[in-house]
Amino acid sequence: MRVLIFDDDEAIGRLVVRVATASGLEATAVSDADAFKQGLQTDPPQVIVLDLQLAGTDGVEQMRLLASQQYTGALVLMSGYDTRVLATAQSVGKNLGLKVDRVLEKPLNVAELGEVLERLLLASQTLSPERLLTAIANDELILDFQPIVSRQPKTLKKLEALVRWEHPVLGWIPPDRFLPAAESDTATIDALTDWVVGATVDAYQVLAELGVSVPLAVNVSVCNLHDLTLPDRIDQRLRAGGMTAQHLCLEITESAAFTDVACTMDILSRVRLKGMLLSIDDFGTGYSSLKMLRQMPFSEIKIDQSFVRDVTTSRDSRAIVKSIIGLAANMEMTCVAEGVETEETADLLEELGLCNLQGYLIARPMPVEAVSAWLAIWTGSTLPAPATRPTGNPAAMRGHGEVFHTPSVPSPTGTESDVVQLSPRQLEVMQLLSEGCPVKEIAYRLNLGIGTVKVHLSLAYSALGAHNRIEAIKRAGPALLGRQIKQGPIG
Ligand code: C2E
Ligand code: CA
Ligand code: CA
């Protein structure tokens, strides 16, 4: 990562170069405006450290230059002025659309500067397509599932798979933060989508064993629609996992303009011919939603959250939502409202004739193993019995029964003598995890599929009340030494 420093005091420029180099960055310092402009063009930096008080110019003028050049990297400001001036300068930068990361007071605190630069370097590595490929290989990604329902009668229609990254250092990262990096490189977005489809097929098997059999939706980026083999890759994965094409829905968001319409139409037509469902996501916000709807064989429209959010307060949004519902009906497509957060919104949507709802009002995205318990609570029924004839890998199901038929969720901090109940398989998997084994090795050692190991891990996490592997190991650590975790019955 390259950093360009602009300070008219050359001694400070040299100091920042030294700190940046020690932090692992490539650094250059300049002391006049012409050299700064030159540096921006010849070797565009990812980070700029800019002094506000400069001879012959000033930091605000230089920020205007950066904005005019559409500089998208991070900006660190430095100044010896009082904090009010620093705060104002920071606002000016933000109003110009620049990413002002920090304002550092002079005299510089070298440790603080080092920390800022190291953090920026780490963030840039996190968001790189290469790092994401490593994350896929190391099983750092997870899927959560969010229900799409109709309320009268209470029916689960579909579950949407949403990807998350459990970064070993940075923790839980939402998709919006790493998708731009994935989409910047076709090999990376293809690998991500292949992983998501594979993990969705694994989840489908788990759900089938729990007696939940509904279509699953995955998000596919427009950037995936460049390769004619995509429908065959998905089809192969479905067959390998015993999932029928009718149970998979692809949600396409028009996050980027189509570059090759013929190729996109070829892919989407073949997806439909193979029997998969096809949904146009975030409808109403894309570059050419209506044109896309006319050209491509969609079977469903998802109304964007922005229209749904203020449907009860804005007449315009209500008119738009009503029109989209009519459009879907006339084109014989199903229609879903996403981002439903209140009863009032749900009631109004139903009045307008829209019954398929998704949003926090119904449920937040959840791990696959929580779906059956959620469904039982939501419908007010008893917990569903696992299917009599397992359709998936039987090993994947060991341990599921007792977890979902145990009504009280075990709490790692509860007073009931802090006992957490794990199945023998979950116990084994947690033990290996705490010894530092990666998921792949655990799967190899226990002769299980990777998907199966992940299911056991997720179940153990929920039993331990942990949100990620670091927390789970921390909580299970002392217990695995023999005292607190009780072995549950074999399911
Ligand atoms: P999306 O496909 O529109 O998914 C819905 C997003 O809205 C999800 O955010 C979901 O958690 C959130 N959401 C659901 N209900 C509500 C609600 O009632 N209120 C609010 N405020 N938010 C709600 P998430 O999981 O952060 O995903 C963001 C976007 O990232 C997704 O938007 C989708 O475009 C993309 N994405 C997620 N998973 C994948 C994936 O596997 N592949 C690709 N290519 N994109 C994905
Ligand atoms: Ca979606
Ligand atoms: Ca959406």
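1. Let's start with the surroundings of ligand 1. The residues of its shell divide into eight nonpolar, six polar and seven charged. Please keep in mind while you look around that this is a predicted model.

2. Which residues come nearest to the ligand? Of the 21 residues around ligand 1, the nearest are Arg 164, Asp 281, Gln 305, Glu 341 and Tyr 360. It is worth finding these on your screen before you go on to the contacts.

3. Now for some individual contacts. A nitrogen atom of ligand 1 is 2.5 Å from an N or O atom in the side chain of Glu 341. Another glutamate, Glu 160, has a side-chain N or O atom 3.1 Å from an oxygen atom of the ligand. With Tyr 360 the partner belongs to the backbone: one of its polar backbone atoms is 2.8 Å from an oxygen atom of ligand 1. Taken alone, ligand 1 exposes 800 Å², and the protein buries 85% of that area.

4. Where does the ligand sit? The space that ligand 1 takes is the second largest pocket. The elements giving two or more residues to the shell are β9 (155-167), α7 (175-183), β11 (216-221) and β13 (277-283). Strand β9 provides the largest share, with four residues.

5. Next, a look at charged pairs away from the ligand discussion. Side chains of opposite charge can pair when their charged atoms come close. The structure holds 23 salt bridges. One of them is between the side chains of Asp 43 and Arg 2, at 3.6 Å from N to O. This pair links distant parts of the chain, 41 residues apart: Arg 2 is in strand β1 (residues 2-6), while Asp 43 is in the loop between α2 (33-42) and β3 (47-51).

6. Two peptide bonds deserve a friendly pointer. Lys 106 and Pro 107 are joined by a cis peptide bond, with omega about 0°. You will find Pro 107 in the loop between β7 (99-105) and α5 (110-126). The bond from Gln 152 to Pro 153 is cis too, and its omega is near -5°. Pro 153 is in the loop between β8 (141-150) and β9, and β9 is the strand that gives four residues to the ligand shell.

7. A last backbone detail: what is the sign of phi at Asp 139? Phi is positive there, about 55°, although Asp 139 is not a glycine. To locate Asp 139, look in the loop between α6 (129-137) and β8.

Note on methods. Residues numbered from 1 in each chain as written. Chains lettered and ligands numbered in written order. Predicted model: local features only at pLDDT ≥ 70, side-chain atom pairs only at ≥ 80, totals over all residues. Heavy atoms only, no water. Near = heavy atom within 4 Å. Polar contact = N/O pair within 3.5 Å; in protein donor to acceptor, adjacent residues only side chain to side chain. Areas by Shrake-Rupley, 256 points an atom, 1.4 Å probe, with all protein chains shown as cover. 1 Å grid on protein atoms, 1.4 Å probe; cavity = no way out; pocket = protein on both sides within 12 Å on 5 of 7 lines; lining within 4 Å. Sits in = over half its atoms within 2 Å of the grid points. Nonpolar A, V, L, I, M, F, W, Y, C, P; charged D, E, K, R; others polar. Salt bridge = Lys/Arg side-chain N within 4 Å of Asp/Glu carboxyl O.
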